[in-house]
Amino acid sequence: MTADFKHVSSSKISISELMLPSHTNFSGKIHGGYILQLLDQIAFASASKFSGNYCVTASVDTVNFLKPIEVGELVTMKASVNYVGRSSMIVGIRVEAENIQTGAVKHCNSSYFTMVAKDNEGKSVPVPGLILSNLEEVRRFRKCIKQIESKKEVEEHARMTDVNSIEDLASLNQYNVLLEIH
């Protein structure tokens, strides 16, 4: 692992964009796919700024759409690296929408992207360590540790589940599913 460390603040990025009619879905709200595109861009910028390398998206761990975004609202995304591994970083992103006429601000989305630093040949490279400067940064770091542990548990459970067993198939009776296996 690299011997240098950087403050969380060195990864902070903020972008704002006015939401236009061309960004809407069929119900007239801002399309979730458009927001995902912006989230991926800011996650890339935050991770690349922190690591000093080109970064790729390894996984989108959480995207919680909390409130719809309207045409004409000013969307602001704030991102920072919350956790670092050897070559990976978890970038936390907060999305807020402001009604520019009233000034009312609402929290619309929280997301976590795992980004990996790459060299010019596309190989993973070490990233700087993370300096945690306040209890909020410590809380975010610990939350990422829990996310990683939960993800590993889910993957382990999936590996251990025997979908061919009579017991497993019978357990599906409690769900809104009809089995027609031939």
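**Exercise 1. Secondary structure**

Task: State how many helices and strands the protein chain has, and in what order they occur.

Solution. Step 1: in this predicted model, the protein chain contains 3 helices and 7 strands. Step 2: following the sequence, these elements appear in the pattern β-β-α-β-β-β-β-β-α-α.

**Exercise 2. Overall dimensions**

Task: Compare the radius of gyration of the protein chain with that of a compact globule of 182 residues, and give the box filled by the C-alpha atoms.

Solution. Step 1: for a compact globule of 182 residues the radius of gyration would be near 16 Å. Step 2: the protein chain has 20 Å instead. Step 3: along the principal axes, the C-alpha atoms fill a box of roughly 55 × 50 × 35 Å.

**Exercise 3. Surface, burial and contacts**

Task: Find the share of buried residues, the make-up of the accessible surface and the share of contacts between residues 24 or more positions apart.

Solution. Step 1: of the 182 residues in the protein chain, 32% are buried. Step 2: the accessible surface is about 11200 Å², and carbon and sulfur atoms account for 55% of that surface. Step 3: among contacts with a separation of 6 or more, 71% join residues 24 or more positions apart. Step 4: for the charges, the mean positions of the 19 positive and 20 negative ones lie 8 Å apart.

**Exercise 4. Helix α1**

Task: Check the span of helix α1 against the expected value, list its buried residues and say what follows the helix.

Solution. Step 1: α1 covers residues 32-51, which is 20 residues. Step 2: from first C-alpha to last, α1 reaches 28 Å, close to the 28 Å expected at 1.5 Å a residue. Step 3: the buried residues of α1 are Y34, I35, L38, L39, I42, A43, S46, A47, S48, F50 and S51. Step 4: after α1 comes G52, with a positive phi near 75°.

**Exercise 5. Helix α2 and its packing**

Task: Do the same check for helix α2, then name its buried residues and the strands they pack against.

Solution. Step 1: α2 runs over residues 135-160 and has 26 residues. Step 2: its first and last C-alpha atoms are 37 Å apart, close to the expected 38 Å. Step 3: E137, C144 and Q147 are buried in α2. Step 4: the buried residues of α2 pack against β3 (54-65), β4 (73-84), β5 (88-99), β6 (105-118) and β7 (129-131).

**Exercise 6. Two residues of α2**

Task: Decide whether C144 and R140 are buried, partly exposed or exposed, and list what each touches beyond four places in sequence.

Solution. Step 1: C144, in helix α2, has a relative accessible area of 0%, so C144 is buried. Step 2: leaving out residues up to four places away, C144 touches N82, Y83 and I90. Step 3: R140, also located in helix α2, has a relative accessible area of 31%, so R140 is partly exposed. Step 4: with the same exclusion, R140 touches S80 and N82. Step 5: N82 thus appears in both lists.

**Exercise 7. A residue of β3**

Task: Locate T62, list its contacts beyond four places in sequence and give its C-alpha distance to S110.

Solution. Step 1: T62 belongs to strand β3. Step 2: apart from residues up to four places away, T62 touches S110, S111, Y112 and Q147. Step 3: T62 and S110 are 48 residues apart along the chain, and their C-alpha atoms are separated by 7.6 Å. Step 4: Q147, touched by T62, is one of the buried residues of α2.

Definitions and conventions. Residues are numbered from 1 along each chain as its sequence is written. This is a predicted model: local features need pLDDT of at least 70, side-chain atom pairs count only at pLDDT 80 or more; totals for chains, interfaces and linings use all residues. Side-chain values use heavy atoms; hydrogens and water are left out. Helices (H or I, at least four residues) and strands (E, at least two) are DSSP runs, numbered from the N terminus. The radius of gyration is taken over C-alpha atoms; the globule rule is 2.2 Å times the number of residues to the power 0.38. Buried means under 20% relative accessible area, exposed over 50%, partly exposed in between (1.4 Å probe, protein chains only). Contact means heavy atoms within 4.5 Å. Accessible areas come from the Shrake-Rupley method with a 1.4 Å probe; for residues, only the protein chains shown count as cover. Lys and Arg count as positive and Asp and Glu as negative; His and the chain ends are not counted. The place of a charge is taken as NZ of Lys, CZ of Arg, CG of Asp or CD of Glu. The expected span of a helix is 1.5 Å times one less than its number of residues.
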